[in-house]
Amino acid sequence: MELGIVGLGRMGAGMARRLARSGARVVCQDTSEAAKKALSGEPNIECVENLAALCARLGGERVVLLMLPAGEPVENTIRDLLPMMSAGDTLVDGGNSYYRDSKRRALALSQQGLRYIDAGVSGGVHGLEHGFCLMLGGTAKSIEIFEPFAQRLAPHPERGWLHCGPSGAGHYAKMIHNGIEYGMMQALAEGFALLAARPELDIDSARLADTWRHGSVVRSWLLDLCSDVLKNDLSDVAPIVADSGEGRWTALESIELGVPTPVITMALMGRFSSQGRSDYARRLLAMMRGRFGGHEVKKTE
């Protein structure tokens with residue numbers, strides 16, 4: 001039981017620790033010395049300097065898990081790994097790659113005798129303790145090879161991981177998962193904003209959220225997180241919500257397929273708006289209103 005991990009960010013490091021604590025041997029590589037140092041002294045974990053050293057430390061038909069940002073980091077790392085890999089080795093992309101890229105990579109690597117798994121991974125920083133949810137795409141043989149690791153990473157050997165289908169299916173499932181996540185988060189945020197807008201009713205939002213966690217139809221892990229966050233003062237938190245790409249891909253997929261996804265799409269638009277991308281339109285609206293109705297146009301300080 002040995003596996004290589006490239007990328008020791010929040011998820012990658014947690015996965016390395018969870019596998020190592022289950023008895024697997026994990027060889028890790030990251031360009032950040034601090035990331036490698038954070039794992040020093042962990043039993044069953046060895047951190048190496050470069051990709052060549054990682055491949056040299058693994059024997060037999062090697063399994064290498066990439067926990068890297070989508071796009072060029074994945075593309076470049078696969079390119080650098082290829083000369084060091086052998087037929088029968090398995091590459092697992094555990095980042096949030098676009099599923100069409102995963103299908104392309106799987107085909108290209110298969111022509112060189114390599115196996116490729118696209119692995120959608122959910123669990124965040126809590127995955128180390130509670131386990132990671134894994135959505136896997138690839139051939140049956142590839143999944144069979146990775147299964148012992150999936151069973152250790154998941155919350156339970158028989159639950160929390162799934163062979164979703166052929167190459168691309170894992171990252172497609174994760175893309176839709178994240179689109180749903182956008183909508184759920186937006187609904188919770190809007191609801192608690194309405195509660196805060198009626199201070200005269202003196203509703204303790206944190207206690208209400210905690211009450212909803214027990215027996216309510218909206219109970220969820222996201223609500224658990226809300227309950228904890230609402231105990232704090234949010235006045236110093238900038239009202240800016242980033243988007244990392246999956247929501248955009250989900251919205252584009254809905255357009256291509258003609259499947260309406262108004263909640264997910266509007267949640268994505270809300271994130272764009274928080275990033276200042278609606279400021280120009282709002283300025284134009286203010287000026288139009290001023291021109292046709294003589295309404296005051298407020299100036300920025």
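**Contacts and architecture of the predicted model**

In this predicted model, Y182 touches D243, S244, G245, G247, A267, L268 and R271, leaving aside residues up to four places away in sequence. Y182 is part of helix α8, and with a relative accessible area of 3% this tyrosine is buried, because that value falls under 20%. A13 offers a point of reference for its position: the two residues are separated by 169 places in sequence, and their C-alpha atoms are 25 Å apart in space.

The helix that carries Y182 also meets the sheet. Helix α8, spanning residues 169-196, lies across β5, β6, β7 and β8, and it runs at about 15 degrees to β6. Another helix, α4, lies across β1 (2-6), β4 (63-66), β5 and β6 (115-122); its direction is about 155 degrees to that of β4.

It helps to look next at the sheet itself. Eight strands make up an open sheet with mixed pairing, and their order is β3-β2-β1-β4-β5-β6-β7-β8. At the edges are β3 (45-48) and β8 (161-165), each of which pairs on one side only. On average, neighbouring strands of this sheet are turned by 25 degrees against each other, direction ignored. Strands β5 and β6 pair in the parallel sense over four bridges, with V92 standing opposite I117 in β6. Strand β7 (residues 133-137) is likewise parallel to β8, and four bridges join the two; here L136 stands opposite H163 in β8.

How many of the eight residues of β6 are buried? The count is eight of eight, so this strand is largely enclosed by the rest of the structure. In a regular strand the side chains alternate between the two faces of the sheet. The burial of β6 can be read face by face: R115, I117, A119 and V121 are buried on one side, and Y116, D118, G120 and S122 are buried on the other, so that both faces are covered.

Where does D89 sit? Its place is the loop between α4 (72-81) and β5 (90-93). Although D89 belongs to a loop, its relative accessibility is 2% and it counts as buried. The side chain of D89 has a polar atom 2.8 Å from the backbone nitrogen of R62, and a polar atom of this side chain also lies 2.8 Å from the backbone nitrogen of S86. Beyond neighbours within four places in sequence, D89 is in contact with G60, E61, R62, L114 and R115. One of these partners, R115, is among the buried residues of β6.

Helix α1 gives a further example of burial. This helix covers residues 10-21, twelve residues in total, and reaches 17 Å from its first C-alpha to its last, close to the 16 Å expected at 1.5 Å a residue. Ten of its twelve residues are buried, so α1 is largely enclosed by the rest of the structure. The buried residues are M11, G12, A13, G14, M15, A16, R17, R18, L19 and A20; A13, the reference point used above for Y182, is thus one of them. After α1 comes G23, which has a positive phi near 105 degrees.

Most residues other than glycine have a negative phi. Against that background, two loop residues are worth a look. N44 is not a glycine, yet its phi is positive, at about 70 degrees. This residue lies in the loop between α2 (33-37) and β3, and with a relative accessible area of 40% it is partly exposed. D202, also a residue other than glycine, has a positive phi near 55 degrees. Its loop is the one between α8 and α9 (205-212), and D202 is exposed, since its relative accessible area of 68% is over 50%.

For the protein as a whole, the secondary structure comes to 13 helices and eight strands. The C-alpha atoms fill a box of roughly 75 × 40 × 40 Å along the principal axes. Of the 301 residues, 43% count as buried. The accessible surface comes to about 16800 Å², and carbon and sulfur atoms account for 57% of that area. Among contacts between residues at least 6 apart in sequence, 63% join residues at least 24 apart.

Methods
Residues numbered from 1 in each chain as written. Predicted model: local features only at pLDDT ≥ 70, side-chain atom pairs only at ≥ 80, totals over all residues. Heavy atoms only, no water. Buried < 20%, exposed > 50% of the residue type's maximum accessible area, 1.4 Å probe, protein only. Polar contact = N/O pair within 3.5 Å; in protein donor to acceptor, adjacent residues only side chain to side chain. Contact = heavy atoms within 4.5 Å. Pairing = 2+ DSSP bridges. Axes fitted to C-alpha atoms, helices over the stretch in contact; angles between N-to-C directions. Expected span 1.5 Å × (residues − 1). Areas by Shrake-Rupley, 256 points an atom, 1.4 Å probe, with all protein chains shown as cover.
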